[in-house]
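These are my notebook entries on a structure that I had not examined before. I set down what I looked up, entry by entry.

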Amino acid sequence: MCAQLLNMQKLELEEGLSNNYVFDIAQDNKGFIWFATAYGLNRFDGTKFTTYMNDAAEQIVTGNDVRKVKVDERRDKLWIGTRWNGVNVFDCVTEKFSLYQYEPDNPYSLSSNNISDILVTEAGDVWISTFDAGLNRFDPATNSFRHYNTSLIPGLHSDMISCLSEAKGGNLYIGYLNGGFTILNLRDNQVVNYLPGEQYPIASVHEVLCFYTDRDDTTWIGTSLGVYIFNPQSGAFRSLGDIPNVPETLLNTGVNSILRSSNGRFWMGTSSVSVILIRIIWMMYGKVEAGYIIYV
């Protein structure tokens with residue numbers, strides 16, 4: 001699997017993980033590792049798991065299909081997105097949960113309970129995207145949300161959003177379920193769309209699953225059919241398949257997560273179990289010692 005042995009720990013049902021389908025991973029300020037899974041939220045202390053499940057008798061998580069868990073370092077909280085039941089917020093100090101959901105009679109509530117992604121920006125802003133009702137920006141002063149959708153910002157391509165990322169200058173990358181993405185300038189709400197069509201091959205039929213913006217503002221885009229590299233200055237795309245010696249495992253396969261380690265290597269979570277495990281280990285221990293990863 002790799003040219004040098006790595007100290008890996010396998011974490012599955014037998015070790016206490018509530019479900020092996022892991023959508024997201026985060027580490028809080030206390031060092032706990034959190035796993036968002038298809039059946040429950042899990043906290044790992046290095047030895048054992050604590051599982052948080054929906055319980056009508058207690059105010060814990062409102063849904064067991066947990067898709068996102070993001071750290072809010074400024075507020076010492078975790079933002080937890082569920083597939084059908086809104087957003088739960090875990091206070092790492094009090095260890096209590098609070099809840100945000102769609103309220104039909106409240107125009108300042110979440111726009112939908114169907115959460116696709118959560119982004120905490122460098123400035124501390126919290127953005128929440130939905131699969132069916134656009135974007136939400138949290139206002140901590142009023143404990144409410146401002147909506148961004150195709151009705152309020154006509155240039156947006158769709159309200160069916162799959163993922164979010166922060167670009168240089170505070171711009172927002174917005175990926176769509178039906179292909180393509182938008183760069184939203186938050187200063188003036190101007191948009192630049194890269195949508196389905198011959199001009200942008202990335203957007204033909206590919207669901208955009210994730211973004212990673214590099215130090216030089218180059219953006220790596222994971223899609224349902226591989227990875228594309230985007231230069232926002234020129235607007236040019238390059239397929240990862242155009243790069244020599246890229247393993248076939250990363251071609252024409254869904255790439256759900258991309259990150260870059262401190263040693264400059266890229267790590268990509270795909271449908272391949274080996275790659276996902278490598279991504280989990282990097283997230284848990286902060287780094288991987290020298291050694292080249294061979295995807296199989």
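The entries below go from the whole chain to single residues.

**Entry 1. The chain as a whole**

I began with the kind of model, and I note that this one is predicted. I then looked up the secondary structure, and I found one helix and 22 strands in the protein chain. Next I asked what share of the residues counts as buried. Of the 296 residues of the protein chain, the share is 51%. I also looked up the accessible surface, which comes to about 14200 Å² for the protein chain. Carbon and sulfur atoms hold 49% of that surface. For the contacts in the protein chain with a separation of 6 or more, I recorded that 43% join residues 24 or more positions apart.

**Entry 2. Cysteines**

How many disulfides are there? I applied the cut-off of 2.5 Å between cysteine sulfur atoms, and the count is zero disulfides. I took Cys 163 as a case to follow up. Its closest cysteine sulfur is that of Cys 210, and the two sulfurs are 6.6 Å apart, which is too far for a bond. Is Cys 163 buried or exposed? I found Cys 163 to be buried, because its relative accessible area is 2% and the limit for buried is under 20%. I checked Cys 92 as well, and this residue counts as buried at 2% relative accessibility.

**Entry 3. Aromatic pairs**

I searched the whole structure for aromatic pairs and obtained 22. I examined the pair of Trp 79 and Tyr 100, whose ring centres are 5.9 Å apart. Their planes meet at 10°, so I entered the pair as stacked. Trp 79 belongs to strand 6 (residues 77–82) and Tyr 100 to strand 8, so the pair ties together parts that are 21 residues apart in sequence. I noted both Trp 79 and Tyr 100 as buried.

I then turned to Tyr 194 and Phe 237, with ring centres 5.8 Å apart. Here the planes stand at 75°, so this pair is edge-to-face. Tyr 194 is in strand 16 (residues 190–194) and Phe 237 in strand 20 (residues 236–239), and the pair links distant parts of the chain, 43 residues apart. Tyr 194 counts as buried at 7% relative accessibility, and Phe 237 counts as buried at 19%. I also found these two residues in one aromatic cluster, which is formed by Tyr 173, Phe 181, Tyr 194, Phe 211, Phe 230 and Phe 237.

**Entry 4. Charges over rings**

Which ring lies under the charged end of Arg 43? I found the ring of Phe 32, with the charged end 4.3 Å from its centre. I recorded another such case, in which Arg 67 lies over the face of Phe 23, 4.2 Å from the ring centre.

**Entry 5. Ser 111**

I placed Ser 111 in the loop between strand 8 (97–100) and strand 9 (115–120). With a relative accessible area of 16%, Ser 111 is buried. What does the side chain of Ser 111 reach at 2.8 Å? I identified the backbone oxygen of Ala 133 as the partner. Leaving aside residues up to four places away in sequence, I listed the residues that Ser 111 touches, among them Tyr 102, Thr 130, Leu 135 and His 147.

**Entry 6. Asn 185**

I located Asn 185 in strand 15 (residues 181–185) and noted that Asn 185 counts as buried at 17% relative accessibility. Its side chain reaches the backbone nitrogen of Arg 187 at 2.9 Å. Apart from residues up to four places away in sequence, Asn 185 touches Asn 171 and Gln 190. I also looked up the C-alpha separation of Asn 185 and Leu 172, which is 6.6 Å for residues 13 apart along the chain.

**Entry 7. Positive phi values**

Most residues other than glycine have a negative phi. I therefore looked for positive values, given that general rule. Asp 76 has a phi near 55°, and I found this residue in the loop between strand 5 (66–72) and strand 6. Asn 189 has a phi near 60° and lies in the loop between strand 15 and strand 16. At 24% relative accessibility, I entered Asn 189 as partly exposed.

How values were computed
Residues are numbered from 1 along each chain as its sequence is written. This is a predicted model: local features need pLDDT of at least 70, side-chain atom pairs count only at pLDDT 80 or more; totals for chains, interfaces and linings use all residues. Side-chain values use heavy atoms; hydrogens and water are left out. Buried means under 20% relative accessible area, exposed over 50%, partly exposed in between (1.4 Å probe, protein chains only). Helices (H or I, at least four residues) and strands (E, at least two) are DSSP runs, numbered from the N terminus. Contact means heavy atoms within 4.5 Å. Accessible areas come from the Shrake-Rupley method with a 1.4 Å probe; for residues, only the protein chains shown count as cover. A polar contact is a pair of N or O atoms within 3.5 Å; within protein, one must be able to donate a hydrogen and the other to accept it, and residues adjacent in sequence count only if both atoms are side-chain atoms. Rings of Phe, Tyr and Trp (its six-membered ring) pair if their centres lie within 6.5 Å; planes under 30 degrees apart count as stacked, over 60 as edge-to-face and the rest as tilted. A charge sits over a ring if NZ of Lys or CZ of Arg is within 6 Å of the ring centre and within 35 degrees of the ring normal.
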